Amino acid sequence: MTEVFHKPVFLRESLDFLITDRSGTYFEGTLGFGGHSIEILKALDDKGLLISTDVDIDAFNFSKEKFSNEKRIKLYNFNFDKIDIIAKIENVKGFTGVFADLGVSSFQLDNPESGFTYREDAKLDLRMNKEIDMTAADVINTFEEQDIRQILYDFGEENNARKIVRRIVEKRQQKKISTTRELAEIILEITPKNFQTKTLSRVFQALRIYVNDELGVLKTFLTKAVDLLAHKGRIVILTYHSLEDRIVKEVFKYETLDCICPKDFPICQCDKEPRLKIITKKPLVPSAEEVKLNFRARSAKLRAAERI
């Protein structure tokens with residue numbers, strides 16, 4: 001493995017929003033290959049602590065070796081929705097800050113063995129956690145046509161899903177679809193050239209999100225993260241597509257409300273209290289310069305909020 005896998009997006013901005021106490025305890029839900037972790041540690045003093053987790057075993061093992069001599073970081077091979085379990089293990093009552101970069105790493109996208117790329121031939125897998133039973137191949141080869149179509153609509157926002165899935169079903173009756181290239185070729189056969197890259201991205205994104213339950217895990221993580229933020233603690237989230245960003249926006253907004261009663265109720269009966277103050281009224285988007293340096297940053301958005 002090479003040393004550089006994933007160029008961190010919004011690095012300076014993330015740290016500016018996240019770090020409010022150099023001696024604080026911070027949670028990073030997407031350890032990856034340690035790009036953001038290194039810079040967070042640089043911003044902490046000797047009393048600071050970073051607790052990082054990643055469900056991807058390759059990323060975890062790499063970072064475990066990378067940070068083997070660093071005493072201010074604790075690493076876990078858990079999904080980030082286990083933030084409450086990790087907090088109990090580490091006896092953390094409240095985090096000074098919580099950070100997550102939801103992007104799939106460049107290593108995962110570029111490495112055929114990870115099974116995330118459609119540019120080279122690999123097993124049609126798409127599991128971040130290889131202990132999950134269901135793979136993308138299982139979905140493509142065994143799910144009903146309407147169920148696969150719904151996955152592509154819901155998680156890929158793919159308008160041509162009906163035509164794509166119909167062809168997939170035709171092909172799988174002749175031969176099991178086992179590799180990323182086999183699936184990509186089926187899609188390319190019926191997609192105009194100027195739409196091929198976007199269509200492939202949407203289909204593979206949809207399957208990856210479904211197989212890993214990414215949106216469900218994200219919702220659970222965000223709610224638990226707010227529960228575990230200390231007073232004045234910050235939560236900073238980087239998203240890369242509209243489905244993720246919509247969830248973060250909605251959760252942040254919900255946590256700012258002081259009432260969720262129906263509008264026709266004359267008196268509030270819900271006793272809801274606001275828990276967050278939104279810092280980024282509009283999400284940060286990358287500058288032209290950052291996109292030029294790192295093309296995969298083009299769709300990134302940063303949202304930040306503070307516990308009240």
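**A guided reading of the fold**

Strand E4 is joined to strand E5 (residues 229-239) by 6 bridges, and these two strands run parallel; helices and strands here are DSSP runs numbered from the N terminus, with a helix (H or I) needing at least four residues and a strand (E) at least two, and two strands count as paired if DSSP finds at least two bridges between them. The model is a predicted one, in which local features need pLDDT of at least 70 and side-chain atom pairs count only at pLDDT 80 or more, whereas totals for chains, interfaces and linings use all residues. Residues are numbered from 1 along each chain as its sequence is written, and side-chain values use heavy atoms, with hydrogens and water left out.

Within the pairing of E4 and E5, Phe-95 has Leu-229 as its bridge partner in E5. E4 is also joined to strand E1 (residues 25-28), again in parallel, by 3 bridges, and in this pairing Phe-27 stands opposite Val-98 of E4. In a regular strand, side chains alternate between the two faces of the sheet. For E4 (residues 95-101), 7 of the 7 residues are buried, so the strand is largely enclosed by the rest of the structure; buried means under 20% relative accessible area, exposed means over 50%, and partly exposed covers the range in between, computed with a 1.4 Å probe and protein chains only.

Helix H1 (residues 11-18) contributes its own buried residues, namely Glu-13, Ser-14, Leu-15, Phe-17 and Leu-18. These buried residues pack against E1, E4 and E5, and also against helix H2 (35-43) and strand E7 (301-307), where contact means heavy atoms within 4.5 Å.

The chain as a whole has 13 helices and 7 strands. A compact globule of 308 residues would have a radius of gyration near 19 Å, and the chain, at 21 Å, agrees with this; the radius is taken over C-alpha atoms, and the globule rule is 2.2 Å times the number of residues to the power 0.38. Taken along the principal axes, the C-alpha atoms fill a box of roughly 60 × 60 × 40 Å. Of the 308 residues, 51% count as buried, and among contacts between residues at least 6 apart in sequence, 67% join residues at least 24 apart.

Helix H10 (residues 196-212) offers two examples of such packing, and Gln-205 lies within it. Gln-205 counts as buried at 18% relative accessibility and, leaving aside neighbours within four places in sequence, is in contact with Phe-155, Gly-156, His-241 and Leu-243. Asn-212 also lies in H10 and, at 9% relative accessibility, counts as buried. Not counting residues up to four places away in sequence, Asn-212 touches Leu-126, Arg-127, Met-128, Asn-129, Ile-132 and Val-217; Arg-127 is 85 residues from Asn-212 along the chain, yet their C-alpha atoms are separated by 6.1 Å.

Charged side chains form a further layer of the description, for the whole structure holds 24 salt bridges, each defined as a side-chain nitrogen of Lys or Arg within 4 Å of a carboxyl oxygen of Asp or Glu. One of them links Glu-214 and Arg-208, at 2.7 Å from N to O; Glu-214 counts as buried at 14% relative accessibility, and Arg-208 counts as buried at 11%. Another salt bridge brings together the side chains of Arg-275 and Glu-255, at 2.9 Å from N to O. Arg-275 and Glu-255 both lie in the loop between helix H12 (242-254) and strand E6 (276-278), so the pair ties together parts that are 20 residues apart in sequence, and both residues are buried. In the salt bridge between Lys-175 and Glu-182, the closest N and O atoms are 2.8 Å apart, and here Glu-182 counts as partly exposed, at 24% relative accessibility. Arg-167, Glu-170, Lys-171 and Glu-189 are linked in a network of salt bridges.

At the surface, the chain exposes about 16,000 Å², of which carbon and sulfur atoms supply 49%; accessible areas come from the Shrake-Rupley method with a 1.4 Å probe, and for residues only the protein chains shown count as cover. Phe-78, Ile-85 and Ile-89 form a nonpolar surface patch, with about 250 Å² of accessible area together. Patches are made of residues with over 30% relative accessible area and no salt bridge, like charges being joined within 9 Å and nonpolar side chains (Val, Leu, Ile, Met, Phe, Trp, Tyr) within 5 Å. Of this patch, Ile-85 lies in helix H4 (residues 83-89) and is partly exposed, with a relative accessible area of 39%.
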